[in-house]
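Subject: Handing over the structure

Hi,

Here is the structure I promised to pass on. Have a look at it first, and then read on for what turned up.

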Amino acid sequence: MLQRSPRNLHPVLSWFMAASILSTVVLRTAGVPTVDLHGPLHRFGIMDPFCGGTRATFLLASGDFAAAAEYNPVVFPLALGLAALTLRVVLGVTAGIWYDVRLPRQMRWPLFAAFVVALVLLGIRQQMHAALLVQPWTGG
């Protein structure tokens with residue numbers, strides 16, 4: 001499952017990691033944007049799985065884990081993934097060892113199905129928190 005390589009086989013992941021860290025630092029420094037980032041369904045009270053993600057990211061970067069979980073708990077696995085990507089890049093750049101995850105073919109569909117189920121459950125959870133998510137951001 002975990003493969004080593006002498007070169008970066010997925011440079012897009014490295015750029016994604018750098019962009020994610022940079023945008024999180026900008027978000028933490030500048031604060032949550034005052035412009036409306038919501039999709040059109042949000043105005044009708046329909047939440048998607050990613051509603052509250054910007055505020056949750058800001059709160060996680062601020063160290064307020066409970067409030068981040070309240071807005072959108074998906075920030076925690078995403079932060080772990082970002083940490084793993086950061087470790088991958090650090091090892092690759094410093095030691096010349098790049099790690100990649102290679103899923104066996106028989107695991108791909110079950111994991112994809114689990115991901116879809118988790119996304120649907122997150123959407124349901126976010127809909128249950130619609131009252132919080134439609135409130136304007138007052139700061140954190």
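Which element supplies the largest share of the lining of the largest pocket? That would be α4, with six residues.

Before the details, a word on where this comes from: it is a predicted model, in which local features need pLDDT of at least 70 and side-chain atom pairs count only at pLDDT 80 or more, while totals for chains, interfaces and linings use all residues. Residues are numbered from 1 along each chain as its sequence is written, and side-chain values use heavy atoms, with hydrogens and water left out.

**Overall layout**

The protein has six helices and two strands. Both kinds of element are DSSP runs numbered from the N terminus (helices are H or I with at least four residues, strands are E with at least two). Starting at the N terminus, the order is β-α-α-α-α-β-α-α. A box of roughly 50 × 40 × 25 Å along the principal axes holds the C-alpha atoms. Of the 140 residues, 27% count as buried; buried means under 20% relative accessible area, exposed means over 50%, and partly exposed is in between, using a 1.4 Å probe and protein chains only. Among contacts (heavy atoms within 4.5 Å) with a separation of 6 or more, 68% are between residues 24 or more positions apart.

**Back to the pocket**

The largest pocket holds about 530 Å³ of space. For the record, the search runs on a 1 Å grid over the protein atoms alone: a pocket is an open set of points where a 1.4 Å probe fits, with protein on both sides within 12 Å along at least five of seven lines, and lining residues have an atom within 4 Å of a point. The volume is the space filled by probe spheres set on the points, which are joined across faces, edges and corners. There are 19 lining residues, and S20, T24, T57, V75 and L78 are the closest to the centre. Besides α4, helices α1 and α2 each supply at least two residues of the lining.

**The strands and the salt bridge**

Strand β1 (residues 2-5) pairs with β2 in the antiparallel sense, over four bridges; strands count as paired if DSSP finds at least two bridges between them. One of the bridge partners is easy to find: Q3 sits across from D100 in β2. Along β2 (residues 98-101), W98 and D100 point to one face and are buried, while Y99 and V101 point to the other and are not. In a regular strand, side chains alternate between the two faces of the sheet.

D100 comes up again in the salt bridge. The whole structure has one of these, defined as a side-chain nitrogen of Lys or Arg within 4 Å of a carboxyl oxygen of Asp or Glu. R88 is the partner of D100, with the closest N and O atoms 3.0 Å apart. The pair links distant parts of the chain, since R88 is in helix α4 (residues 75-95) and D100 in strand β2, twelve residues apart. Both ends are buried: R88 has a relative accessible area of 7%, and D100 has 6%.

V89 is also in α4, and counts as buried at 15% relative accessible area. Leaving aside neighbours within four places in sequence, V89 contacts S14, M17 and W98.

**Aromatic pairs**

There are three aromatic pairs. Rings of Phe, Tyr and Trp (its six-membered ring) pair if their centres lie within 6.5 Å; planes under 30 degrees apart are stacked, over 60 edge-to-face, and the rest tilted. Y71 and W137 have ring centres 5.9 Å apart and planes at 65 degrees, so they are edge-to-face. Y71 is in helix α3 (residues 65-71) and W137 in the segment after α6 (130-133), 66 residues apart. Y71 is buried at 12%, whereas W137 is partly exposed at 25%. Ring pairs join these two with F58 into a cluster.

W109 and F112 also form an edge-to-face pair, 5.6 Å centre to centre with 90 degrees between the planes. They are three residues apart in helix α5 (residues 105-128), so about one helical turn separates them. W109 is exposed at 66%, and F112 is partly exposed at 47%.

**One loop residue**

Finally, look at H42, in the loop between α1 (11-30) and α2 (53-62). H42 is buried, with a relative accessible area of 11%. Beyond its neighbours within four places in sequence, H42 is in contact with M47, C51, L133 and V134.

Cheers
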